[in-house]
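Q: Could you take me through one part of this model at close range? I would like to see how its sheet, the helices on it and the core fit together.

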Amino acid sequence: MQAKAVIGRAASPLALLAAVALAGCGLGAGRAPSAVELSVTRDFGASPLPRSGALKISGQETAMSLLRRNHGVQTRYGGAFVQSVDGLAGGEEAGKPVDWFYYVNGVEASKGAASSNVDPGDHIWWDRHDWSQTGYIPAVVGSFPEPFLNGIGGKRLPVRIECAVVRGYACRTVAERLHALDIPAARAGVGIGGATATLRLLVGRWEQVVGDLDARRIADGPRMSGVYARFSADGHTLTLLDQDGHAVRALSAGAGLVAATRRAENAPVWVITGTDDAGMNLAARAFDQSTLRDHFAVALAAGETVALPARVTKP
């Protein structure tokens, strides 16, 4: 979001005043951050907005100045609120509220875009989507290998893989994917908990990881977790939800899920899980950049990757 519970949706007057207070000019002197990536999409990453030419970056950018340098942007509230990008505006669509939200290294921004400096290696992702179900999606998977590679707020965080079976295929696969990117990660059993400043990955069947306080938020639906999917009580069925929170499809044997969520200001927690071992292993194999790119979360079935929220297929 453009600022947590402040910018990016129809905020309260007090919240908007706070947003304007946070906003600055968005430009500064100094060396331009290197290896920065900017993604601009709509509908939960479903459609990218094209950019003409290579990414333009100059000096110490903010999330706002970087967007304005590379796209046509209209703002409100003294430049603190992105109203439209390349003519695509926030407001209302088909009777539902839509607005622009932004994420830094896969984490919803905690302050206004004009006050959020871009650090080297940052992946800045703006997306315009329906927020009728939730105005707060705390973490997404579509910026992988972030936040594991460059961390949050310019600080690389420790990474821990917590597995139901530490020597199992899924756990090894996730560890190998991180190792290939030179990302050190400790391995431990599920249930160790704690370490709020550690990026955790929970790997196991849903029934094995649901006891974790962070994973359990997914069971409570998108309003709590930001994840548009829900497991049955026994963990054997994964129901995919659309942007309205309606059940679109139910997957059973061999279904997997890769999703991320976050509590308060803790580091995000990624959940790599499934209805059974086959689904869990499928999710582990999906733990790569090409599969996760520009997706908020993904569900997996045999030979199929479904971006979440699920889209209703019209006859």
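A: Happy to: what follows is a walk through one sheet and its surroundings.

One note before we start: this is a predicted model. The part to look at is an open sheet of seven strands with mixed pairing, in the order β13-β12-β14-β19-β18-β20-β21. At its edges stand β13 (186–189) and β21 (304–308), each of which pairs on one side only. From one strand to the next, the twist averages 20 degrees. For a close view of one pairing, take β18 (residues 256–261) and β20 (residues 297–301): they run antiparallel and are joined by three bridges. Within that pairing, V258 has V298 in β20 as its bridge partner.

Now add the helices. Helix α3 (residues 169–180) packs on the sheet and touches β12 (159–163), β13, β14 (199–205) and β19 (269–274). The direction of α3 makes about 165 degrees with that of β12. Helix α7 (residues 277–285) lies across β14, β18, β19 and β20, and runs at about 135 degrees to β19.

A disulfide also belongs to this region. A disulfide is a covalent bond between the sulfur atoms of two cysteines. Here C163 and C171 form one, with their sulfur atoms 2.0 Å apart, and a search of the whole structure finds one disulfide. Given the residue ranges, C163 belongs to β12 and C171 to α3. The torsion about the S-S bond is about 75 degrees, so the disulfide is right-handed. Both cysteines, C163 and C171, are buried.

Next comes the nonpolar core. The largest one has 31 residues, and F148, L201, V258, W270 and F287 touch the most other members. Two or more residues come from each of β12, α3, β14, β18, β19, α7 and β20. Helix α3 gives the most, with five residues. If you want one side chain to centre your view on, try F287: leaving out residues up to four places away in sequence, F287 touches F144, F148, V174, R177, L178, L201, W270, I272 and L292. Apart from this core lies another, of 22 residues, with L257, V269, V271 and A301 among them.

One of the contacts of F287, F144, leads to the backbone of a loop. Most residues other than glycine have a negative phi, and most peptide bonds are trans. The bond joining F144 and P145 is cis, with omega about 15 degrees, and P145 is found in the loop between β11 (123–130) and β12. The peptide bond from E146 to P147 is cis as well, with omega near 5 degrees, and P147 lies in the loop between β11 and β12.

One further backbone detail sits in the loop between β18 and β19, the place of A264. A264 has a positive phi of about 50 degrees although it is not a glycine. At 52% relative accessibility, A264 counts as exposed, because the cut-off for that class is over 50%.

To see the parts together, begin with α3, which packs on the sheet and gives the most to the largest core. Then move to C171 and its disulfide with C163, and from there to F287, which touches V174, R177 and L178.

Note on methods. Residues numbered from 1 in each chain as written. Predicted model: local features only at pLDDT ≥ 70, side-chain atom pairs only at ≥ 80, totals over all residues. Heavy atoms only, no water. Disulfide = S-S within 2.5 Å. Buried < 20%, exposed > 50% of the residue type's maximum accessible area, 1.4 Å probe, protein only. Pairing = 2+ DSSP bridges. Helix = DSSP H or I, 4+ residues; strand = E, 2+ residues; numbered from the N terminus. Axes fitted to C-alpha atoms, helices over the stretch in contact; angles between N-to-C directions. Contact = heavy atoms within 4.5 Å. Core = buried A, V, L, I, M, F, W, Y, C linked by side-chain atoms within 4.5 Å.
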